[in-house]
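Let's take a walk through the charged pairs in this protein, and then look at what surrounds them. Have the sequence and the model open as you read.

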Amino acid sequence: QAFQMDRERAIQSLRNWHQGAFVVLWEQVHWLLKLHEEGYRILIISNNPHFGCLLKLELTGLTNAPHPIIRGIYGSNNGLGQKHQLSFWKRVIDLCGIPANRMAMVGDNPIEDAQIPREAGFAQSVLVSKEPDCVV
């Protein structure tokens, strides 16, 4: 059915699905805002495609003008691969232009968001729970 829709209707259908399917963890959004206020560059690195990341971020307001805080999105459909691949992380490092030893990864997967980025040279990783008020 989605292939039969015109572009605007398909986008609205995807937007509606995201709005109904996802819960925003506002504590983590506020944490990102604080990091941004302290001068950190915020990048999204995801197994989701670029457009899916944008739809999720839209729910948080983090992409809204006049001051969007997201400085880049590196999704799986950018030809990078998947987060479980060491080569994915090395390509992200090359593309974003920040030395790996000055980067930290924040995520919820101990392998894809902590172990592999550290193997690629990231200075630090922080694991967060999908439950509010919980950082591991």
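Scan the whole structure, which is a predicted model, and three salt bridges turn up. Here they are, with the separation between N and O for each.

| Pair | N to O distance |
|---|---|
| R15 and E58 | 2.6 Å |
| K34 and E38 | 3.2 Å |
| D113 and K83 | 2.6 Å |

Start with R15 and E58, whose side chains meet in a salt bridge. This one links distant parts of the chain: R15 sits in helix α1 (residues 7-21) and E58 in helix α3 (residues 50-60), with their positions 43 residues apart in sequence. How open are the two ends to the surroundings? R15 has 22% relative accessibility, so it counts as partly exposed. E58 comes in at 33%, which also puts it in the partly exposed class.

The K34 and E38 bridge has its closest N and O atoms 3.2 Å apart. K34 has a relative accessible area of 47%, so it is partly exposed. For E38 the figure is 49%, and since exposed means over 50%, E38 counts as partly exposed.

Now for D113 and K83, with their closest N and O atoms 2.6 Å apart. D113 belongs to helix α5 (residues 111-120), while K83 is in the loop between β2 (70-74) and α4 (86-96), so this bridge ties together parts that are 30 residues apart in sequence. Are its two ends buried or exposed? D113 is buried because its relative accessibility is 2%, and K83, at 10%, is buried as well, since the cut-off for buried is under 20%.

Next to D113 in the numbering is a residue worth a look, E112, also found in helix α5. E112 is buried yet has no salt bridge. Which side chain of opposite charge is nearest to E112, and how far away is it? That is K83, at 4.7 Å, and a salt bridge calls for a nitrogen within 4 Å of a carboxyl oxygen, so the pair doesn't make the cut. What E112 does have is a polar contact, side chain to side chain, with N47 (3.2 Å). Setting aside neighbours within four places in sequence, E112 is in contact with N47, K83, H84, W89 and P117.

Away from the charges, have a look at V92 in helix α4. V92 has a relative accessible area of 0%, so it is buried. Beyond its neighbours within four places in sequence, its contacts are I45, Y74 and L80. The C-alpha atoms of V92 and L80 are 7.5 Å apart, with the two residues 12 apart in sequence.

On the surface, L14, F51 and L54 form a nonpolar patch, and together they have about 230 Å² of accessible area. One of them, L54, is in helix α3, and with a relative accessible area of 33% it is partly exposed.

Finally, the protein as a whole. There are five helices and four strands, and from the N terminus on they run α-α-β-α-β-α-β-α-β. Of the 136 residues, 35% are buried. Take the contacts between residues at least 6 apart in sequence, and 53% of them join residues at least 24 apart. The accessible surface comes to about 8700 Å², with 52% of it belonging to carbon and sulfur atoms.

Terms used: Residues numbered from 1 in each chain as written. Predicted model: local features only at pLDDT ≥ 70, side-chain atom pairs only at ≥ 80, totals over all residues. Heavy atoms only, no water. Helix = DSSP H or I, 4+ residues; strand = E, 2+ residues; numbered from the N terminus. Buried < 20%, exposed > 50% of the residue type's maximum accessible area, 1.4 Å probe, protein only. Patch = residues over 30% accessible without salt bridge, like charges linked within 9 Å, V, L, I, M, F, W, Y side chains within 5 Å. Areas by Shrake-Rupley, 256 points an atom, 1.4 Å probe, with all protein chains shown as cover. Lys, Arg positive; Asp, Glu negative; His and termini not counted. Polar contact = N/O pair within 3.5 Å; in protein donor to acceptor, adjacent residues only side chain to side chain. Contact = heavy atoms within 4.5 Å.
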